[in-house]
Amino acid sequence: WTTAGTDIFAGCIKLKSIIVPEGVTALPNYVFYGADCLTEVILPSTLQTIGNYAFYECDKLKSLEFPFGFKKINNSAFGYCTGLTYVSLPGTLEKIFEYAFYHCSSISDLWIPESVEYIGRYAFCGCRSIKEVRIPFGITAIEEGLFWHCENLERIVIPESVKILESNAFNECFMLSEIRLPSGITSIGKYAFSWCGIVNGLYVPSCVDSIGVRAFNYINNVVY
């Protein structure tokens, strides 16, 4: 598997289930790209990495359980897996790269382990069924568009380790009613909270020295 090259099962539109054999440590890039009838994947206990676009547009895939020891989800690995409702992320996961779960619109429960030290831009953009998220301590930046258009997100817990909120981080999170910014945050990017439904006001700490254009668009009560 690891040495066989990319897109081994890409476009296999009749493939419904597969057991990845023990001993495999990495799924190659594009391995199941567009296998749009794939509903079940059993991953081996040895797996550590999933490659770029590995399950992209596998829109019938319902759930996935990662083994303990798994470390990295690469770029767009689960992009447009619109039927994915549940993912079990282990306490060994270290990195979630950009667009990893882009427009996985059916995921409702998302637990990000404390072991995660990096989450790339747009990783959860368009995950419109997520209601609550807790960012792990140690993350220093909420990357660009990370939760853009998570329209049913109601609660987000941001740790004190976060110093930067990039542009569009929470844009169009219409149901986000309350949020507490870390006391050491220094920068808030453009459109970061645009169109958020924050009804109890938003307190911006005095240490913030950079605020982008329309960062708080349509929020009625922002306190500096």
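Where does Met175 lie? In this predicted model, Met175 is placed in the loop between strand 13 and strand 14. The report below sets that residue in the context of the chain, its sheets, its salt bridges and its backbone.

## Overall form

The chain contains zero helices and 17 strands. Its C-alpha trace spans about 55 × 30 × 25 Å along the principal axes. The radius of gyration is 18 Å, which agrees with the value near 17 Å that a compact globule of 224 residues would have.

Of the 224 residues, 48% count as buried. The chain exposes about 10,100 Å², and carbon and sulfur atoms supply 48% of that area. Among contacts between residues at least 6 apart in sequence, 20% join residues at least 24 apart.

## The five-stranded sheet

One open sheet consists of five strands in the order 2-4-6-8-9, and its pairing is parallel. Strand 2 (26–27) and strand 9 (118–119) form the edges, each pairing on one side only.

At one of these edges, strand 2 runs parallel to strand 4 (residues 49–50), and two bridges join them. Within this pairing, Ala26 stands opposite Thr49 of strand 4.

## The four-stranded sheet

A further open sheet has four strands, in the order 11-13-14-16, again with parallel pairing. Its edge strands are strand 11 (141–142) and strand 16 (210–211), and each of them pairs on one side only.

Strand 13 (residues 164–165) pairs with strand 14 (residues 187–188) in the parallel sense, over two bridges. Ile164 has Ser187 in strand 14 as its bridge partner. The loop between strand 13 and strand 14 holds Met175, and Arg180 lies in that loop as well.

## A nonpolar surface patch

Which residues form a nonpolar patch on the surface? The patch is made of Phe174, Met175, Trp195 and Tyr218, which together have about 450 Å² of accessible area. Met175 has a relative accessibility of 41% and therefore counts as partly exposed, because the partly exposed class runs between 20% and 50%.

## Salt bridges

How many salt bridges does a search of the whole structure find? The search finds three.

In one of them, Glu132 is joined to Arg155, with the closest N and O atoms 2.8 Å apart. Glu132 belongs to strand 10 (residues 132–134) and Arg155 to strand 12 (residues 155–157), so this pair ties together parts that are 23 residues apart in sequence. Both partners are partly exposed: Glu132 has a relative accessible area of 44%, and Arg155 has a relative accessibility of 39%.

Another salt bridge links Arg180 with Glu160, and here the closest N and O atoms are 3.1 Å apart. Arg180 lies in the loop between strand 13 and strand 14, while Glu160 lies in the loop between strand 12 and strand 13, so the pair ties together parts that are 20 residues apart in sequence. Arg180 counts as exposed at 57% relative accessibility, whereas Glu160, at 31%, counts as partly exposed. The remaining salt bridge is formed by Lys60 and Asp59, whose closest N and O atoms are 3.7 Å apart. Lys60 is partly exposed, with a relative accessible area of 39%, and Asp59 is also partly exposed, at 29% relative accessibility.

## Positive phi angles

Most residues other than glycine have a negative phi. Against that background, two residues of this chain deserve mention.

Glu57 is not a glycine, yet it has a positive phi of about 65°. This residue is found in the loop between strand 4 and strand 5 (63–65). With a relative accessibility of 36%, Glu57 counts as partly exposed.

His149, likewise a residue other than glycine, has a positive phi near 60°. Its place is in the loop between strand 11 and strand 12. At 23% relative accessibility, His149 counts as partly exposed; the reason is that only residues under 20% are classed as buried.

Conventions:
Residues numbered from 1 in each chain as written. Predicted model: local features only at pLDDT ≥ 70, side-chain atom pairs only at ≥ 80, totals over all residues. Heavy atoms only, no water. Pairing = 2+ DSSP bridges. Patch = residues over 30% accessible without salt bridge, like charges linked within 9 Å, V, L, I, M, F, W, Y side chains within 5 Å. Areas by Shrake-Rupley, 256 points an atom, 1.4 Å probe, with all protein chains shown as cover. Salt bridge = Lys/Arg side-chain N within 4 Å of Asp/Glu carboxyl O. Buried < 20%, exposed > 50% of the residue type's maximum accessible area, 1.4 Å probe, protein only. Rg over C-alpha atoms; globule rule 2.2 N^0.38 Å. Contact = heavy atoms within 4.5 Å.
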